[in-house]
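Here are a few exercises to work through with the structure open beside you. Try each task before reading its solution.

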Amino acid sequence: MPIVHLQPSDLSAAQAAQVLDFLNRATSPAQLDRDIEFPGEPDIGVRLGQRLLDARAALGGRFTDILQVRAIRLIGPERFTEICVAALGLDPVRWVALFYGSDPLAPQAETGLGVSIEVLPQTAWLGQPRTLRVRVCDLGGTPRAGVPVVVQSGRGHLVYMYGFRRIEGQAVTVLSGADGTAELELLTPPTEPLSENQQAALEHALARLDVHAPHPLTLAPALRAIAEEYLRDRSYSLRSAIDLYVRDHRHAMLDSVNPGRWRLAWPADSALVQADVLADEDSGTSLARGVRTLTWINWVGPWLSFMAEVVADGDALGRALADTANTPEVDGQALGRLLNLGQSFLAGKAGRTAEWLGRQQLTQTVDRFLGSGVDALAPAVRDDVVRQLGVAASGVTARSLGSFTFADTARNALDARIDAVAQDKLTQFEHLSALAVEIDGKAATVNQQMQQMQALAAGVHQDRLAIDARYADFDSRYTLFDSRLNAFDAQYGQFSNDIGRFRADLAGFDQSRATITERINTVDRNLNTVVSLNNLRLGGG
């Protein structure tokens with residue numbers, strides 16, 4: 001069957017009403033799959049039938065304009081033609097003559113060819129699909145059908161529906177229809193392609209923006225509304241679609257040195273579209289060329305500037321930091337509380353763009369706080385906050401407090417361990433002090449006993465020759481005692497380690513003292529005996 005396509009403008013009002021009635025009466029995708037069919041070609045398919053029913057439901061349950069049918073995604077010129085032929089009950093082999101009254105594919109005298117490119121819509125937002133209509137005519141203005149045309153774009157990728165085939169790329173070859181035209185779609189997706197739901201959500205959001213607005217400030221309420229919709233929990237498709245575009249423009253727009261300029265004028269992206277008419281599909285020889293410059297309004301930067309205001313929520317984070325700074329410090333954890341505020345601020349932001357803007361807002365707010373807000377902190381904690389808050393805040397994310405958490409936990413654990421060890425050592429020191437007092441008392445007793453021995457020795461000085469042998473033994477034992485006492489003084493510094501040994505030595509010392517005392521008593525008795533004997537001898541003489 002020749003490749004001849006219908007457009008909505010080819011239908012009369014009665015024919016358009018008949019097509020709409022046919023689609024509005026359909027009850028299931030299976031019915032459309034059965035009714036819309038050409039001999040010798042694959043049928044329209046259940047999935048495409050479901051797409052028609054979904055579009056009808058989105059319009060309130062009825063199609064009211066034939067343009068609504070043509071605007072459905074993946075309903076290209078051929079699918080639209082098949083729907084019209086089935087709805088009007090036409091013979092697929094004869095429908096061309098019924099509509100045109102002649103054969104547009106009949107041989108024509110060659111007068112040269114010309115090609116033009118029409119763009120719909122003429123102005124669009126970045127991310128909105130645009131329809132390219134390539135028209136091939138001879139120099140007399142007569143449309144030429146079945147002519148291969150190579151279409152290429154310097155940006156995005158082209159989509160051409162040929163039957164059930166979906167042909168994509170930066171350059172595609174199309175065939176002109178009966179009216180000399182061929183339609184294809186130009187998409188400008190981000191580096192990571194959008195899903196069908198993401199693309200639909202983005203198109204729905206951008207459709208609410210006036211593409212003819214002279215500058216972003218005139219669309220401030222609408223841009224803020226999209227920002228608020230982005231943050232809603234159920235806006236997953238829109239949020240992920242916007243995140244992909246923002247990620248591609250993040251360094252140029254999100255990290256901009258002069259972010260305020262995005263509100264003053266629309267940034268624009270442009271591309272050159274070129275169409276070449278070929279002598280035949282495989283020749284590579286161009287008979288005519290048409291070019292067109294396309295421009296997209298880049299909404300990402302202006303939207304980010306208003307999104308930043310929504311995320312900031314009137315500097316809610318700055319007020320929270322100030323309130324915390326004015327709270328009396330009782331537990332020494334001001335830095336941790338300030339970081340928890342930052343983490344809570346980020347955790348409440350859904351989507352990567354909100355997190356990126358939130359971290360930017362956190363950094364700016366902390367810088368302002370360090371510049372003026374720390375004066376309200378207690379002097380004991382102010383130095384720690386000034387020294388650590390800026391660095392610690394840079395590591396805060398929506399899911400963690402960064403490396404500060406680990407460092408602060410380790411520091412608290414170490415402080416607790418130091419306090420426990422210090423308390424234990426203090427207890428031991430107090431015990432040692434009590435033992436030292438006890439040792440000093442015993443040493444004083446020993447010194448007193450030594451003084452007593454010296455007094456006794458002075459008293460028996462005259463008799464020392466008689467008891468020299470005994471006294472020598474005493475002196476030897478005293479020297480041993482003095483040596484042990486000196487060793488005791490030397491070992492006192494290590495007393496905490498060998499207190500048990502000291503007590504054993506002290507017990508030996510007490511035993512030695514008892515022995516000395518006994519021996520002194522013995523000397524006293526012997527001395528008394530000698531004195532008594534001398535007295536008797538002197539009395540008897």
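**Exercise 1. Find the bridge partner of V149 in β9.**

Solution. This is a predicted model, so let the strand pairing be your guide.
- V277 is the residue of β9 that partners V149.
- Now widen the view to the two strands: β4 covers residues 148-153 and β9 covers residues 268-278. They run antiparallel and are joined by five bridges.
- Finally, place both in their sheet, which is open, has five strands with mixed pairing, and follows the order β2-β10-β9-β4-β7.
- The edges belong to β2 (124-125) and β7 (171-175); each has a single partner strand, so one side of each has no neighbour in the sheet.

**Exercise 2. Locate S176 and decide: is S176 buried or exposed?**

Solution.
- Look in the loop that links β7 to β8 (181-187), where S176 sits.
- Next, check its accessibility: the relative accessible area of S176 is 2%. Buried means under 20%, so S176 is buried.
- Then follow the side chain of S176, which reaches the backbone nitrogen of V147 at 2.9 Å.

**Exercise 3. Trace the salt bridges of E183 to R70 and R133, and say which parts of the chain each pair ties together.**

Solution.
- Begin with R70: its salt bridge with E183 has the closest N and O atoms 2.2 Å apart. Because E183 is in strand β8 and R70 is in helix α4 (residues 66-70), this pair ties together parts 113 residues apart in sequence.
- Both of these residues, E183 and R70, are buried.
- Move on to R133, whose side chain meets that of E183 in a salt bridge (2.8 Å, N to O). R133 belongs to strand β3 (residues 130-138), so its pairing with E183 in β8 ties together parts 50 residues apart in sequence.
- Put the pieces together: salt bridges with shared partners connect R70, E118, R133 and E183 in one network.
- For contrast, visit the salt bridge between the side chains of R34 and D35 (3.6 Å, N to O). R34 is exposed at 54% relative accessible area, while D35 is partly exposed at 31%.

**Exercise 4. How many disulfides does the structure hold?**

Solution.
- A disulfide is a covalent bond between the sulfur atoms of two cysteines.
- A search for such pairs gives zero disulfides in the structure.
- While you are looking at cysteines, check C84 and C137: C84 is buried at 1% relative accessibility, and C137 is buried at 17%.

Conventions:
Residues numbered from 1 in each chain as written. Predicted model: local features only at pLDDT ≥ 70, side-chain atom pairs only at ≥ 80, totals over all residues. Heavy atoms only, no water. Disulfide = S-S within 2.5 Å. Buried < 20%, exposed > 50% of the residue type's maximum accessible area, 1.4 Å probe, protein only. Pairing = 2+ DSSP bridges. Helix = DSSP H or I, 4+ residues; strand = E, 2+ residues; numbered from the N terminus. Polar contact = N/O pair within 3.5 Å; in protein donor to acceptor, adjacent residues only side chain to side chain. Salt bridge = Lys/Arg side-chain N within 4 Å of Asp/Glu carboxyl O.
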